[in-house]
Amino acid sequence: MKTLWKIWGVIVVIAMVPLTLLLAVLLPIINLSNAFEIIRNGVGMVDAEMISVTWALCLSVYITMRFRNTQWVYFAFPSLFEQLKLLLIACFFTSVGTELLNQAFREIDSTKRLLGVTLFITSLVIWRVVLSLYYTKRPIVPFLEKKQEKLRNIADLSEQ
């Protein structure tokens, strides 16, 4: 029975992880191209369900992390989780911005359209600020020495 669960885990990972990664890479690009198309054409799109796709991506990452039989992929590829986290945050903010822009351009009022463009740009700025703050506190690779380590290194050099 354990072997069947392991086989099931391998099948789920082989089916879900590449599709999730592909959609997570393409979704922000699709959202940005849709937003520029909405601004260029001046008409909101009828069926933009990108927020639902983002939640489906989050659900697939949750499923692969929740069960032991599918967690091995994150140990085999250590940077996969960090990359998916970065891409899902990008998907979320671009999807929300595109949806706000889409709703604003369904109206004829020019002030709502200007507000929609402003909210779209604001969502992109908030996305970058959130990522910057998050990766400042939790860098993927520690690239800066701490102040005390620098002082300790200087003290070691002066003793020699």
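**Entry 1: isoleucine 140**

I began with isoleucine 140, which I found in the loop between H5 and helix H6 (147–159), and I note at once that the model I am reading is a predicted one. I wanted to know whether isoleucine 140 is buried or exposed. Its relative accessibility is 54%, and because exposed means over 50%, isoleucine 140 counts as exposed. Leaving aside neighbours within four places in sequence, I listed its contacts as Glu82 and Tyr135. I then looked at the pair with glutamate 82: the two residues are 58 apart in sequence, yet their C-alpha atoms lie 7.6 Å apart in space.

**Entry 2: the chain as a whole**

I stepped back to the whole chain and counted six helices and zero strands, so that, as the elements are written from the N terminus on, I have α-α-α-α-α-α. Of the 160 residues in the chain, 29% are buried. I also looked up how far apart in sequence the contacting residues are: among contacts between residues at least 6 apart, 74% join residues at least 24 apart.

**Entry 3: helix H5 and its partner H4**

I checked the length of helix H5 (residues 110–137), whose 28 residues should span 40 Å at 1.5 Å a residue, and I found its end C-alpha atoms 41 Å apart, which agrees. Which residues of H5 are buried? I wrote down Gly116, Phe120, Ser123, Trp127, Leu131 and Tyr135. A reminder to myself on spacing: an α-helix has 3.6 residues a turn, so residues three or four places apart point the same way. What covers the buried residues of H5 includes helix H1 (2–41) and H4.

I followed H4 further and found that it packs with H5 at an angle of about 165°, the axes being 7 Å apart. Angles over 145 degrees count as roughly antiparallel, and H4 and H5 are therefore roughly antiparallel to each other. I recorded their crossing as right-handed.

**Entry 4: threonine 98**

Within helix H4 (residues 80–105) I picked out threonine 98. Its relative accessibility is 3%, and because buried means under 20%, threonine 98 counts as buried. Not counting residues up to four places away in sequence, threonine 98 touches Asn31, Asn34, Ala35, Ile38 and Phe120; Phe120 had already appeared in my list of the buried residues of H5.

**Entry 5: H1 against H2**

How do H1 and H2 cross? I found that their axes come within 10 Å and cross at roughly 155°, which makes H1 roughly antiparallel to H2. This crossing I recorded as left-handed. From H1 the contact is made by Met16, Val17, Thr20, Leu23, Ala24, Leu27, Ile30, Asn31 and Asn34, and from H2 by Met50, Val53, Thr54, Leu57, Ser60, Val61, Ile63 and Thr64.

**Entry 6: the largest nonpolar core**

I ended with the largest nonpolar core, which has 14 residues, and noted that Leu57, Val73, Tyr74, Leu80 and Leu84 touch the most other members. The elements that give two or more residues to this core are H1, helix H2 (50–66), helix H3 (72–76) and H4. Which element gives the largest share of this core? I found that H4 does, with five residues. I looked more closely at leucine 80, which, not counting residues up to four places away in sequence, touches Val17, Leu21, Val73 and Tyr74.

Technical notes
Residues are numbered from 1 along each chain as its sequence is written. This is a predicted model: local features need pLDDT of at least 70, side-chain atom pairs count only at pLDDT 80 or more; totals for chains, interfaces and linings use all residues. Side-chain values use heavy atoms; hydrogens and water are left out. Helices (H or I, at least four residues) and strands (E, at least two) are DSSP runs, numbered from the N terminus. Buried means under 20% relative accessible area, exposed over 50%, partly exposed in between (1.4 Å probe, protein chains only). Contact means heavy atoms within 4.5 Å. The expected span of a helix is 1.5 Å times one less than its number of residues. A nonpolar core is a set of buried Ala, Val, Leu, Ile, Met, Phe, Trp, Tyr and Cys residues joined through side-chain atoms within 4.5 Å. Axes are lines fitted to C-alpha atoms, for helices over the stretch in contact, and angles run from 0 to 180 degrees between N-to-C directions. Angles under 35 degrees count as roughly parallel, over 145 as roughly antiparallel, 65 to 115 as roughly perpendicular and the rest as oblique. A crossing is left-handed if the near helix is turned anticlockwise from the far one by less than a right angle, and right-handed if clockwise.
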